[in-house]
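User: Could you take a close look at the sheet in this one, and then walk me outward from there to the ligand and the odd bits of backbone?

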Amino acid sequence: VIDADLEHHGDRDARSGLVDLAVNVRAGTPPKWLRDRIAAVDLAPYPDQADALAAVAQRHGRRREEVLLTAGAAEAFVLIARAVQATRVVVVHPQFTEPEVALRVAGHDVTRLVLAAPFVLDPALVPEDAELVVLGNPTNPTSVLHPAGVIGGLRRPGRLIVVDEAFADTVPEEAESLADHSDLHGLIIVRSLTKTWGLAGLRVGYILAEVAVIDALRAVQHAWPVSAPALVACVATCSAEACAQAQAWSIELGKTRERFVAELRGLPGLTLPARSRSSFVLIDVGRAGIREALHAHGFAVRRGETFPGLDEHWIRVAVRDSDTNTSFVKALSACLGNTTSVSSSTEEQQ
Ligand SMILES: Cc1ncc(COP(=O)(O)O)c(C=O)c1O
């Protein structure tokens, strides 16, 4: 165990019988058409990646040689940690902790760059001698979307920048994504099918990078890393229809999230310092114990304190449908000891 906190994830905060706002996988997924395609896969042969590589390459306007399929983003971080030689490794926090775990397990010394609220990335804070920089966009748990230009501007000769884009498809038009930029050297883009398509159990994602980097990562990957059902999911979710579905959902999500954020901002006793751009919201409730108090109201939320840079005052909450969001706001209000009713302000928002 490298650090128990770093290995804590939202699934451990979910509890049976409670409304799960701790895990950031889209509710009601995978869609039936996708489940049907996955279920129809012949499991007897060894998996053949050709169609999935072609589909991912086409979706992102890249060459097949610039794609590496992985067993989720989690495997991508392990491959990067094993393959990349770097003396100065910088991880920008607060962010998903598996990249740091993978790097430390592989023997890297990790320098943390811990951003303070509102979690805006100031390029001047990145050490000039950093050879590997790891960040998330949009970032879990802050929900902050960094401008693509700021990330691109971090590039230096001899430096690799890992951008965890596991949540990129929660943002309309995948704004600020660098996945399609094969012209920008030094970027390693990590993508996942887990969140938007509800495929956490399938383990499927991919890396986009220049050919030499992909070759180095493939060299440390084992044979047949991605199962045949996962490959079919890759092909299916790269289709124009699937991308249009994801885009429609991201627009709907944005509207629902803005209403949710407005309701939350109406509550005394909490702050939302960052501008939320993904499928979750990070809240500073100003005191410890709110997560446990919410259990009594039927809600499970993700604790903040296991993310470097946050403490027990922070909770991360998934954006669900408007009714669930409003019920949560009422429960949170009660836990914060607010006496004013939230329902009237809520009705005004809708
Ligand atoms: C930001 C981020 N990246 C990557 C992952 C892992 O994705 P995958 O299921 O593809 O391994 C998670 C899971 O919580 C995440 O929050």
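**The sheet and its surroundings**

Analyst: Let's start with one pair of residues: Val89 sits opposite Leu132 of strand S5. Keep in mind that this is a predicted model. The strands behind that pairing are S3 (residues 89-93) and S5 (residues 132-136), which run parallel and share 3 bridges. As a reminder, strands of a sheet pair through backbone hydrogen bonds, either parallel or antiparallel.

Zooming out, S3 and S5 belong to an open sheet of 7 strands, ordered S2-S8-S7-S6-S5-S3-S4, and the pairing is mixed. The edges go to S2 (67-70) and S4 (110-114); each has a single partner strand, so one side of each has no neighbour in the sheet. On average, neighbouring strands here are turned by 20 degrees against each other, ignoring direction.

Helix H3 (residues 72-83) packs on this sheet. H3 touches S2, S6 (160-164), S7 (187-192) and S8 (205-208), and its direction makes about 155 degrees with that of S7.

Now the ligand. Among the residues surrounding it are Gly72, Ala73, Ala74, Asp164 and Ser192, and the list also includes Phe96, Asn140, Lys195 and Arg203. Three polar contacts are worth a look. A backbone N or O atom of Ala73 is 2.7 Å from a ligand oxygen. In Asp164, a polar side-chain atom comes to 2.6 Å from a ligand nitrogen. Ser192 has an N or O atom in its side chain at 2.7 Å from an oxygen atom of the ligand. As for burial, the ligand taken alone exposes 400 Å², and the protein buries 89% of that.

On to the backbone oddities. Most residues other than glycine have a negative phi, and most peptide bonds are trans. Against that background, His93 and Pro94 are joined by a cis peptide bond with omega about -5 degrees, and Pro94 lies in the loop between S3 and helix H4 (98-105). The Asn137 to Pro138 bond is cis too, with omega near -10 degrees; Pro138 is in the loop between S5 and helix H5 (148-152). Ser143, also in the loop between S5 and H5, has a positive phi, near 70 degrees.

Finally, the whole chain: 12 helices and 11 strands make up its secondary structure. Its radius of gyration is 20 Å, close to the 20 Å the globule rule gives for 350 residues, so the chain is as compact as a globular protein of that length. The C-alpha trace spans about 60 × 50 × 35 Å along its principal axes.

Definitions and conventions: Residues are numbered from 1 along each chain as its sequence is written. This is a predicted model: local features need pLDDT of at least 70, side-chain atom pairs count only at pLDDT 80 or more; totals for chains, interfaces and linings use all residues. Side-chain values use heavy atoms; hydrogens and water are left out. Two strands pair if DSSP finds at least two bridges between them. Helices (H or I, at least four residues) and strands (E, at least two) are DSSP runs, numbered from the N terminus. Axes are lines fitted to C-alpha atoms, for helices over the stretch in contact, and angles run from 0 to 180 degrees between N-to-C directions. Contact means heavy atoms within 4.5 Å. A residue is near a molecule or strand if one of its heavy atoms lies within 4 Å of it. A polar contact is a pair of N or O atoms within 3.5 Å; within protein, one must be able to donate a hydrogen and the other to accept it, and residues adjacent in sequence count only if both atoms are side-chain atoms. Accessible areas come from the Shrake-Rupley method with a 1.4 Å probe; for residues, only the protein chains shown count as cover. The radius of gyration is taken over C-alpha atoms; the globule rule is 2.2 Å times the number of residues to the power 0.38.
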